[in-house]
Every structure is written in structure tokens, then in C-alpha cells.
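User: Could you take a close look at one strand of this structure and at what surrounds it? I am new to it, so please explain each term as you go.

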Amino acid sequence: MPRVRFANDDLEIEVPPGTTLSLAAQEASSTLGFGCRAGTCGTCALTVLSGQGGIESKGYVEQDTLQVVGEDGPGRRLGCQIILREEDLEVSW
């Protein structure tokens with residue numbers, strides 16, 4: 001099972017593949033904030049520090065939202081749009 005590390009909180013949790021990052025954050029009691037959970041508000045913008053290859057590419061809505069909120073730099077993603085696979089992931093915000 002993949003492990004997710006929330007660098008800002010110094011927390012790490014093991015989750016089954018197919019789990020959303022928002023659910024993993026909730027289960028870990030992370031301080032990562034979430035708003036709409038639909039990829040349109042930008043509240044959960046974060047940086048993927050490692051494990052980028054184990055998650056899907058940005059979709060149109062996510063890319064558009066990141067651009068609108070000025071968060072479209074390298075490694076920037078919306079936590080609510082990340083679904084975990086087999087690879088470990090480390091994020092910061």
C-alpha cells in the first residue's frame with residue numbers, strides 16, 4: 001500500500017490504492033485545507049515533493065484552477081484531484 005507523507009505536519013499514513021489525497025489528509029488529521037473538493041476553488045493547492053509519477057496528470061479543470069489562482073508552477077497540484085496509486089507520495093503546501 002502506498003504511504004503519503006504530509007511534510008508540513010510531519011505526518012505519514014498508509015492508504016489503499018484508489019484513495020483520494022483529501023481522504024488520506026482527513027484520516028491523518030493533516031492541516032491541509034480543503035474547500036470545494038471539486039477542483040474549482042484552489043484551497044488545497046500543494047506541491048508534490050516526490051511520487052509525481054504515481055499519480056494521474058492534471059485534468060483540464062485542475063490546470064485551469066491552478067492558473068486562475070496563480071499556483072501553476074512545477075509540481076503544483078490540487079490535493080482534491082489526486083488519487084493515490086501504488087507509489088508513495090510526499091506533499092507540502
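Analyst: A good place to begin is a facing pair of residues: Thr-47 stands opposite Arg-76 in S4. The model is a predicted one, in which local features need pLDDT of at least 70 and side-chain atom pairs count only at pLDDT 80 or more, while totals for chains, interfaces and linings use all residues. Residues are numbered from 1 along each chain as its sequence is written, and side-chain values use heavy atoms, with hydrogens and water left out.

Thr-47 lies in strand S3, where strands (E, at least two residues) and helices (H or I, at least four) are DSSP runs numbered from the N terminus. Strand S3, residues 45–50, pairs with strand S4, residues 76–78, in the antiparallel sense over 3 bridges; two strands are said to pair if DSSP finds at least two bridges between them. S3 also pairs with strand S5, residues 89–92, again in the antiparallel sense and over 3 bridges, and here Val-48 stands opposite Val-91 in S5.

The side chains of Thr-47 and Arg-76 are joined by a polar contact of 2.6 Å, a term for a pair of N or O atoms within 3.5 Å; within protein, one must be able to donate a hydrogen and the other to accept it, and residues adjacent in sequence count only if both atoms are side-chain atoms. If neighbours within four places in sequence are left aside, Thr-47 is in contact (heavy atoms within 4.5 Å) with Pro-74, Gly-75, Arg-76, Glu-90, Val-91 and Ser-92.

A helix also packs against this part. In helix H2, residues 60–68, Glu-62, Thr-65 and Leu-66 are buried, where buried means under 20% relative accessible area, exposed over 50% and partly exposed in between, with a 1.4 Å probe and protein chains only. These buried residues pack against S3 and S4. Seen down the axis of H2, they fall within an arc of 100 degrees, so they line one face of the helix; the arc is that of the directions from the helix axis to the C-beta atoms. The face of H2 turned away from the buried side carries the exposed residues Tyr-60 and Val-68, and just after H2, Gly-70 takes a positive phi of about 70 degrees.

S3 also takes part in the nonpolar core. The largest such core has 22 residues, and those with the most contacts inside it are Phe-6, Leu-21, Ile-82 and Leu-89; a nonpolar core is a set of buried Ala, Val, Leu, Ile, Met, Phe, Trp, Tyr and Cys residues joined through side-chain atoms within 4.5 Å. S1, helix H1 (21–28), S3 and S5 each supply at least two residues of this core, and H1 gives the most, with 4 residues. Leu-21 touches, among others more than four places away in sequence, Leu-46, Leu-89 and Val-91.

Phe-6, with a relative accessible area of 0%, is buried, and Phe-6 and Trp-93 form an aromatic pair that is edge-to-face, at 6.4 Å centre to centre and 70 degrees between the planes. Rings of Phe, Tyr and Trp (its six-membered ring) pair if their centres lie within 6.5 Å, and planes under 30 degrees apart count as stacked, over 60 as edge-to-face and the rest as tilted. Phe-6 lies in strand S1 (residues 3–6) and Trp-93 in the segment after S5, so the pair ties together parts that are 87 residues apart in sequence. Trp-93 is partly exposed, with a relative accessible area of 30%.
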